Amino acid sequence: MASDPSTVARSRFPLPAWARGRWGRRFGLALAALLALAVIGYAVVWVTVIRTLPSVDQLRAYEPPLPTNVRGVDGTPIQSYARERRVELSFAEYPQNMVHAILSAEDKTFFEHHGLDYPGLVRAAYQGIVKGSTPRGTSTITQQVAKNLLVGNEVSYGRKLKEAILAWKIEDTLTKPQILELYLNQIGLGRNAFGVEAAAHAYFDKELEQLDLAQLAYLAILPKGPSNYDPFRHTERALERRNWVLGEMEKNGWVTASQRAEAQAEPIGAVLRRKPKFEARGGYFVEEVRRQLVGKFGETARDGPYSVYSGGLWVRSSLDGRLQDLAAEALRDGLLRYDRGRGWAGPIDKKPFEDGRWQQALLNTNIGLDYRDWRAGIVVDKSAEEATIGFANGQTGTLPRSGAQMPVRGTNGTAFAALKTGDIIAVAPEGSGFGLRAIPKISGGFVVEEPSTGRVLAMQGGFDNRLQAFNRATQAMRQPGSTIKPIVYSAALDNGFTPASIIVDGPFCVYQGARLGNKCFRNFTGGGSGPHTLRWGIEQSRNLMTVRAAATTGMPKVVERMKRMGVGDYPAYLSFALGAGETTVSRMVNAYAILENNGRGNTPTLIDFVQDRHGKVIMPENWRACDGCNARDWDGKAMPRPASRMRQVIDPMTAYQMVHITEGVVQRGTATILRDLDRPMFGKTGTNSGPTDVWFIGGAPQFIGGVYIGYDSPRSLGGYAQGGTLAAPIFKQFAAKAYDGLDKLPFRAPAGIRMVRIDRASGRPVFGAWPTSDPKAPVIWEAFKPESEPRRAARHTGIVPTAAPTTAAPRARPTQDSDFLQREGGIY
């Protein structure tokens with residue numbers, strides 16, 4: 001009889017006695033159940049965790065958030081925008097002691113494990129199950145990379161599970177040095193520093209490679225909690241933890257006992273606040289750059305790859321540091337000249353403090369001054385005869401009673417009597433102590449632009465952007481007064497007027513309907529003076545002549561010209577021809593730049609180009625490099641000329657006529673204070689109703705500037721205030737240094753302009769007499785469009801010809817207009 005195969009199998013492989021009975025069957029069932037549960041558990045984990053995990057491959061292309069860096073026109077760093085200060089380094093650039101210190105503090109078996117610390121995981125499970133505590137610590141560096149870059153900071157077992165799985169995958173994807181490089185570049189270490197290189201600057205104001213062993217060990221303790229080891233508030237705790245790290249480094253064989261002992265004997269030596277990496281310049285300018293970048297690219301990584309605070313952009317701005325300093329100084333000096341003698345307006349701010357912590361209170365305000373030798377300080381203490389002033393660097397000084405005797409504005413008391421502890425004030429060195437200084441209540445804006453390109457070279461929007469963030473150069477809407485007149489007259493020149501047209505300077509009223517009745521205009525000085533040339537009306541800023549010319553031209557055409565030149569969009573009322581419409585100094589400067597540039601222009605720019613972190617130009621769109629522009633030597637070919645992006649806004653001959661006419665404003669009109677600069681200049685002053693604002697806009701061919709001053713809440717500046725007496729002197733202070741050393745270039749006329757000798761008073765053509773260098777000479781050169789110049793008259797003009805030479809001379813041919821053109825280089 002054949003044997004049963006199962007019986008034969010059991011005889012060959014006999015089962016233990018316990019397995020052949022009831023318990024054996026139960027064991028088999030339990031094992032099967034465990035296997036089933038394992039499969040089900042894995043399926044659940046796969047569906048709920050593994051399937052939803054981010055790809056580890058993205059770490060290969062990971063780009064940490066980096067600040068945006070801004071440079072000036074010459075490449076000088078001027079600003080950076082960051083919410084996370086970070087400097088990215090490669091693994092090879094990290095000092096060996098930095099790596100060893102981090103490993104000793106965070107994960108000494110990093111180079112041995114495969115992403116997980118199994119004993120640590122058992123401890124965490126024990127704490128969670130037995131003690132009921134949340135799972136903290138136990139993370140390897142690889143797990144921390146997974147948490148910080150892929151998972152998030154949620155405190156839960158689910159996050160720990162995701163972290164562990166990703167850590168295993170990361171170890172399969174990246175090398176150990178790559179993992180450590182990611183960690184050292186992205187870990188947050190306090191003081192807004194991310195990565196150890198940024199932390200070296202934040203805590204010690206040094207490069208990472210300049211730190212000694214003790215300082216590197218201090219940085220290594222910060223991942224556990226920067227606020228827990230603050231070098232000033234928790235000094236003992238920080239020293240204890242740092243010294244522990246140094247001891248671990250010795251145990252691991254990375255430093256000797258003597259090196260460890262020497263480092264442990266050192267104080268932490270951290271700085272309270274790091275020094276700026278570069279001199280801050282152009283606060284209003286760089287803030288306007290930031291606004292434009294945010295509008296274009298967004299603020300954070302959620303807004304796109306080129307965001308301002310994480311995209312790592314490299315921005316080349318048009319800021320000229322020298323011109324910016326001159327513009328800022330001129331505007332501030334002008335504001336102080338006006339404000340001088342009006343008394344002290346009170347402290348900049350008030351910051352009460354306790355336990356002698358005045359320095360931190362002052363630093364938290366971020367108030368500073370960069371005007372001459374002025375400093376911002378906080379009143380630390382005050383007695384009957386003197387006050388103690390504290391400064392941001394921790395030093396103190398004395399403000400005697402005699403140094404603060406100016407009256408308080410609107411009261412009968414003195415500034416010293418009004419001072420209180422916690423007041424933040426402006427002071428300057430005076431004798432052996434300090435003297436109180438008054439921040440002016442009046443403010444203003446100053447813009448400098450290069451007409452040929454539309455690039456803004458300087459911008460000052462107030463006294464100091466750290467005191468007054470509002471940028472009056474671009475945000476303050478003010479009435480431009482008479483600075484609008486060249487734009488009004490440019491429309492007139494395109495509609496039948498010439499520079500020699502006669503306009504009556506006399507009463508002018510318009511009927512505005514039954515409800516409003518008649519509106520009568522007047523000059524700044526009152527009545528009229530009869531018929532005069534259009535040129536004279538601009539030079540002397542006659543309101544009656546302006547509204548008469550605007551009415552004849554048609555206000556719809558005038559306001560269309562204002563809109564076309566970017567000044568503003570206004571209704572067609574005659575009052576807008578006198579500057580009643582609100583605009584900004586930036587817009588007005590750009591309008592004048594269009595005039596100087598023969599009618600070509602565009603929206604003014606503060607940014608030349610923007611590159612991403614890899615060097616690709618991403619702004620402006622369709623940017624093209626200028627081939628050959630940076631050649632060291634001439635290659636024999638024509639000069640490379642970058643393509644102009646400017647459009648023709650108004651007729652080039654009209655634009656030149658207005659520039660030529662407004663040169664007369666400087667020579668014999670309302671801006672004669674600029675005449676002794678002795679170079680070709682054009683411009684126009686402005687004073688609005690009140691007067692509440694005074695203006696000047698103009699300059700030379702290389703660059704032009706515009707300035708206005710007035711109170712933020714408009715109120716009268718006083719009856720004596722005029723553009724020629726307040727604003728033009730500010731521009732003159734700037735121009736005297738800004739144009740120094742530059743060629744005295746004339747304004748270039750476009751093709752077709754005819755230069756004709758005329759009688760300045762009557763506008764009639766002159767023959768037999770020539771213009772001279774005297775600003776008030778009766779004969780001048782005037783610019784006319786073809787076929788618009790005054791015709792030759794048969795009768796005598798009343799101009800006395802120049803006397804003939806008294807000594808005999810060889811007979812020469814009569815002087816022709818073409819001779820003048822040749823002497824002037826053909827520029828007219």
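**Exercise 1. In what order do the five strands of the open sheet lie, and what is the sense of their pairing?**

Solution. This is a predicted model.

Step 1. Read across the open sheet: the order is 2-1-3-17-18. The pairing of these five strands is mixed.

Step 2. Find the edges. They are strand 2 (77–81) and strand 18 (617–619), each of which pairs on one side only.

Step 3. Look at the twist. On average, neighbouring strands of this sheet are turned by 25° against each other, direction ignored.

Step 4. Add the helix. Helix 13 (residues 283–297) packs on the sheet and touches strand 1, strand 2, strand 3, strand 17 (607–611) and strand 18. The direction of helix 13 makes about 45° with that of strand 2.

**Exercise 2. Describe how strand 1 pairs with strand 2 and with strand 3.**

Solution.

Step 1. Recall the rule: strands of a sheet pair through backbone hydrogen bonds, either parallel or antiparallel.

Step 2. Take strand 2. Strand 1 pairs with strand 2 in the antiparallel sense, over four bridges. Here Val-70 stands opposite Gln-79 in strand 2.

Step 3. Check the link. The hairpin of strand 1 and strand 2 has five residues between the strands. In this hairpin Gly-75 takes a positive phi near 90°.

Step 4. Take strand 3. Strand 1 (residues 68–71) and strand 3 (residues 314–317) pair in the parallel sense over three bridges. Arg-71 stands opposite Arg-316 in strand 3.

**Exercise 3. Find the disulfide, give its handedness, and classify its two cysteines by exposure.**

Solution.

Step 1. Search the whole structure: one disulfide is found. It joins Cys-509 to Cys-520, with an S to S distance of 1.9 Å.

Step 2. Get the handedness. The torsion about the S-S bond of Cys-509 and Cys-520 is about 105°, so the disulfide is right-handed.

Step 3. Place the ends. Cys-509 lies in strand 13 (residues 508–511) and Cys-520 in strand 14 (residues 518–521). The pair therefore ties together parts that are 11 residues apart in sequence.

Step 4. Apply the cut-offs: buried is under 20% relative accessible area, exposed is over 50%. Cys-509 has 39% relative accessibility, so Cys-509 counts as partly exposed. Cys-520 has 46%, so Cys-520 is also partly exposed.

**Exercise 4. Which residues of helix 15 are buried, and which strands do they pack against?**

Solution.

Step 1. List the buried residues of helix 15 (residues 358–365): Trp-358, Ala-361, Leu-362, Leu-363 and Thr-365.

Step 2. List their partners. The buried residues pack against strand 4 (349–350), strand 5 (375–382), strand 6 (386–390), strand 7 (396–400) and strand 8 (423–430).

Step 3. Go past the end. Asn-366 follows helix 15, and its phi is positive, near 60°.

**Exercise 5. How many residues are in the largest nonpolar core, and which have the most contacts inside it?**

Solution.

Step 1. Start with the chain. It has 24 helices and 24 strands. Of its 828 residues, 48% count as buried.

Step 2. Go to the largest nonpolar core, which has 132 residues. The residues with the most contacts inside this core are Leu-293, Trp-374, Phe-446, Val-448, Val-610, Phe-731 and Phe-734.

Step 3. Zoom in on Val-448. Leaving aside neighbours within four places in sequence, its contacts include Leu-323, Ala-327, Phe-703 and Phe-734.

Step 4. Note the second, separate core. It has 50 residues, among them Val-99, Ile-141, Leu-174 and Val-196.

Notes:
Residues numbered from 1 in each chain as written. Predicted model: local features only at pLDDT ≥ 70, side-chain atom pairs only at ≥ 80, totals over all residues. Heavy atoms only, no water. Buried < 20%, exposed > 50% of the residue type's maximum accessible area, 1.4 Å probe, protein only. Helix = DSSP H or I, 4+ residues; strand = E, 2+ residues; numbered from the N terminus. Contact = heavy atoms within 4.5 Å. Pairing = 2+ DSSP bridges. Axes fitted to C-alpha atoms, helices over the stretch in contact; angles between N-to-C directions. Disulfide = S-S within 2.5 Å. Core = buried A, V, L, I, M, F, W, Y, C linked by side-chain atoms within 4.5 Å.
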